[in-house]
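Below are some notes for a colleague who is opening this entry for the first time. Please read them with the structure in view.

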Amino acid sequence: MYCMNSVASISNTVAKHHLEVRGSNFLSGQIKISGAKNSALVLMAATLLTEEALFLKNIPSLTDINVMSELLSSIGVRIERKSNEISLTARDLLQSELPYKLVHALRASFVCAGPLLARIGEVSIPLPGGCRIGNRPIEEHIRGLEALGASVSIEKGVVKAKLPKNKKKLKGAHIKFNCQSVGATETILMAATLAEGRTVLENSAQEPEIQDLANMLNSMGAQIRGAGTKEIIIEGVEKLNGCNHTVIPDRIEAGTFLIAAAITRSSISLTPVIPEHLEAVFKKLRECGCLINTMGDSVKITPNEITAVDVTTSPYPGFPTDLQAPFMALMTTAKGTSKITETVFEKRMQHVSELNRMGSSIKLLGNTALITGVPQLTGTSLSAGDLRASAAMVLASLSAKGVSKIIGLDYLDRGYERMEDKLKKVGADISREKITISANKNSKEGFKPLTPQSIQQEVA
Ligand code: EPU
């Protein structure tokens with residue numbers, strides 16, 4: 001027993017951060033948009049297709065990018081990083097086994113399977129498992145690799161794929177995806193660049209991040225047509241070269257800041273953006289009462305009275321699931337009742353209960369939320385359950401009366417580069433505060449492990 005308590009007193013003290021937001025400020029000025037997280041991650045994985053160096057510019061500074069770097073380093077990729085630029089060289093790959101700890105930490109790391117298999121003929125990668133927003137199966141990735149000629153088995157939770165004996169290359173194939181999956185399209189697209197002959201991918205995902213990947217692969221010497229449409233055609237090539245590439249601006253970060261302006265009834269501008277990537281978001285913001293003006297690679301938003309509009313998420317070019325939670329935060333302050341339906345992920349409504357704790361009026365019926373706008377939200381202590389939910393908490397706090405304290409910043413830092421600094425620059429009253437949390441070591445029950453609830457209590 002004594003041992004447990006002494007361990008508690010030494011190690012059960014954690015330094016964490018929370019965001020403190022004093023709401024109701026108007027915002028004004030310009031925000032610089034970072035490189036797209038979901039592009040950068042997959043572009044980094046594409047280094048596995050070539051022994052030459054890849055130079056990527058506009059890499060966002062995010063924890064997910066750090067995990068991908070660690071994962072690639074663990075199998076022999078040499079990586080140098082200087083501010084927002086990174087060089088990656090996969091000349092001597094040491095192994096084809098990806099470590100569980102890192103794959104588990106970053107689900108997107110499964111896209112490494114395609115390029116590793118194509119380049120060295122085998123890969124062993126743990127099943128990434130579900131996550132807080134849903135089950136997130138990967139059978140489409142596996143089906144695609146099999147169609148390209150790989151033999152795939154799953155042993156003790158690890159996917160093992162290899163080329164058949166006497167084969168040196170994957171073989172082009174006609175593959176029709178059963179669902180539009182960003183990750184599966186990227187995995188198979190990369191694998192097919194080095195396959196023998198032609199591959200046709202039907203029912204591909206059409207997200208801008210896939211177009212960015214195809215553009216970079218083409219500069220490396222690949223022959224890809226049709227990325228950004230449902231049918232992608234890839235003529236396999238013998239080898240790929242290194243290249244220089246600049247990551248596209250993050251459309252989800254841009255969408256989040258547009259909603260920050262709308263929820264605080266403020267006018268701000270953002271740059272750089274690719275307006276075409278944000279069409280579905282502009283449409284809904286215009287519908288609910290915002291003026292949106294684009295000029296070159298900038299956009300300015302000027303909100304009027306915000307009224308309720310309905311949103312249903314869907315794959316690109318539809319309204320992105322990644323902005324569903326932030327948009328719901330906006331609708332809690334709109335005039336009237338809106339209906340938001342999530343169709344991409346089955347568990348992406350965790351922000352509802354936290355928003356209701358701020359005084360919003362949201363009823364959840366399965367994956368549809370009915371939101372009746374209220375005149376004002378009230379700041380409180382909040383816990384973010386996933387990346388985009390944490391962004392929604394920040395936005396709701398910006399418009400709320402009083403102080404909000406948001407914990408769970410590990411999620412926010414996965415996908416938003418210095419969010420509080422960017423918001424502070426345009427006038428938000430927001431700061432990152434350090435909290436040191438200790439277990440209740442004098443408790444009669446002895447050692448009490450830290451839980452999200454106990455952290456919440458300490459923050460409150
Ligand atoms: N799906 C299957 N089978 C598969 C693959 C996917 O049923 O084999 C289903 C999923 O369960 C889901 C839907 O297809 O219902 C779409 O999943 P998709 O594979 O497109 O998602 P992903 O590639 O795992 C990426 C982004 C997500 C973003 C989704 C949808 C990256 C690293 N992640 O995930 O980003 O929400 O596409 O646009 O690119 C985020 O940034 O917060 C985030 C979660």
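1. A starting residue. The model is predicted. Val 281 is a convenient place to begin: helix H10, which spans residues 279-287, contains Val 281. The relative accessibility of Val 281 is 2%, so this residue counts as buried. Leaving aside residues up to four places away in sequence, Val 281 touches Gly 255, Phe 319, Pro 320 and Leu 323. Leu 148 is 133 residues from Val 281 in sequence, and the two C-alpha atoms are 36 Å apart in space.

2. Domains. The domain assignment divides the chain into domain 1 (11-34 + 249-459) and domain 2 (37-246). Domain 1 is thus given as two segments, and domain 2 as one. Taken over C-alpha atoms, the centres of domain 1 and domain 2 are 31 Å apart. Their contact takes 24 residues from domain 1 and 23 residues from domain 2.

3. Cavities. How many cavities of 30 Å³ or more are there? The count comes to three. The largest cavity has a volume of about 50 Å³. Its lining is made up of Ala 36, Lys 37, Asn 38, Glu 209, Asp 250, Arg 251, Ile 252 and Arg 388. By type, the residues of this lining are five charged, two nonpolar and one polar. Helix H2 (37-45) and helix H9 (251-263) each supply at least two of the lining residues.

4. Where the largest cavity sits. Does the largest cavity lie within one domain or between two, and why? The largest cavity lies between domain 1 (11-34 + 249-459) and domain 2 (37-246), because both give residues to its lining.

5. The second largest pocket. This pocket has a volume of about 440 Å³. There are 20 residues in the lining, and those closest to the centre of the pocket are Ser 383, Ala 384, Ile 407, Gly 408 and Tyr 411. At least two lining residues come from each of strand S1 (13-22), helix H12 (351-357), helix H14 (409-415), strand S23 (429-438) and helix H16 (452-459). Which of these elements gives the largest share? H14 does, with five residues. The lining of the second largest pocket divides into seven charged, seven nonpolar and six polar residues.

6. Strand S13. In a regular strand, side chains alternate between the two faces of the sheet. Strand S13 (residues 243-246) shows this alternation: Cys 243 and His 245 point to one face and are buried, whereas Asn 244 and Thr 246 point to the other face and are not buried. Strand S3 (residues 53-57) runs parallel to S13, and four bridges join the two. Among the residues involved, Phe 55 has Asn 244 in S13 as its bridge partner.

7. Strand S14. Thr 271 belongs to strand S14 (residues 267-271). Is Thr 271 buried or exposed? The relative accessibility of Thr 271 is 16%, and the cut-off for buried is under 20%, so Thr 271 counts as buried. Not counting residues up to four places away in sequence, Thr 271 touches Gln 30, Ile 31, Lys 32 and Ile 33, as well as Asp 297 and Ser 298.

Note on methods:
Residues numbered from 1 in each chain as written. Predicted model: local features only at pLDDT ≥ 70, side-chain atom pairs only at ≥ 80, totals over all residues. Heavy atoms only, no water. Buried < 20%, exposed > 50% of the residue type's maximum accessible area, 1.4 Å probe, protein only. Contact = heavy atoms within 4.5 Å. 1 Å grid on protein atoms, 1.4 Å probe; cavity = no way out; pocket = protein on both sides within 12 Å on 5 of 7 lines; lining within 4 Å. Points joined across faces, edges and corners; volume = space filled by probe spheres on them. Nonpolar A, V, L, I, M, F, W, Y, C, P; charged D, E, K, R; others polar. Domains from an automatic or database assignment. Pairing = 2+ DSSP bridges.
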